[in-house]
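Thanks, everyone, for making time this morning. I would like to walk you slowly through one structure, so please have a look at it before I begin.

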Amino acid sequence: MDYCLGDPDGSATMWSADADRDLDGDGLLESVGLDVDGDGLIDDVLADLDGDDVADHAVMDLDGDGVPEAYFTDDGTGTWTVGSGGALRWFGLDGTEHPATGPAVDLDGDGEPGERLADADGDGVADRAFGTGSAWVDTDGDGRWDVRLGDRDGDGRADSAAAP
């Protein structure tokens, strides 16, 4: 897995490492244990949850209870811009509020936690969700999903938009 981290001088360094952790609990190694926050403990992980061999989640201080103190996601631009202290809250399609209990949730109700959450405005409530072939967006910041984007041809670009 490849990942890029900023250096104190403002530059950035690209790294590669073999996955050695299973962050999402599916039995497959998709994460690398590191000391990202500089506290001297290997209790942080960078994870590749979309399977493209590039880290897209950074989870900080993942201690024995399995609950991260903070996490960040790559918003798709290659920059660690989306973050939250502690776990995110998110709203299901039925409007019910949930705590995010891991890096993936079951937003679409198919029984599988396959959607990744992101908090673009940093308020602790997910306003982006990314699944296989779909993405959901809260456009007005009220915690409710306003638009569902679809990728029917699998090219990684949305080709449809509808109400969720």
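In the hairpin formed by β1 and β2, where five residues lie between the strands, glycine 10 adopts a positive phi near 95°. Please keep in mind, as we go on, that this is a predicted model. The two strands of that hairpin, β1 with residues 2-6 and β2 with residues 12-16, pair in the antiparallel sense over five bridges, and if you look for cysteine 4, you will find that its bridge partner in β2 is methionine 14.

Let me turn now to aspartate 44, which belongs to strand β4, residues 44-47. Which side chain of opposite charge is nearest to aspartate 44? It is arginine 21, but that lies 8.6 Å away, and aspartate 44, although buried, has no salt bridge. What the side chain of aspartate 44 does reach is the backbone nitrogen of valine 36, at 2.9 Å. Setting aside the neighbours within four places in sequence, aspartate 44 is also in contact with several other residues, among them Val32, Gly33, Val59, Met60 and Asp61.

That leaves the nonpolar cores. The largest has 16 residues, and those with the most contacts inside it are Leu88, Trp90, Leu107, Leu117, Ala126, Ala129 and Trp145. If we take alanine 129 and leave out residues up to four places away in sequence, we see that it touches Leu107, Arg116, Leu117, Ser134, Ala135, Trp136 and Trp145. There is also a second, separate core of nine residues, and its members include Val32, Leu46, Met60 and Ala70; Val32 and Met60, you may recall, are among the contacts of aspartate 44.

Conventions: Residues numbered from 1 in each chain as written. Predicted model: local features only at pLDDT ≥ 70, side-chain atom pairs only at ≥ 80, totals over all residues. Heavy atoms only, no water. Pairing = 2+ DSSP bridges. Helix = DSSP H or I, 4+ residues; strand = E, 2+ residues; numbered from the N terminus. Buried < 20%, exposed > 50% of the residue type's maximum accessible area, 1.4 Å probe, protein only. Lys, Arg positive; Asp, Glu negative; His and termini not counted. Salt bridge = Lys/Arg side-chain N within 4 Å of Asp/Glu carboxyl O. Polar contact = N/O pair within 3.5 Å; in protein donor to acceptor, adjacent residues only side chain to side chain. Contact = heavy atoms within 4.5 Å. Core = buried A, V, L, I, M, F, W, Y, C linked by side-chain atoms within 4.5 Å.
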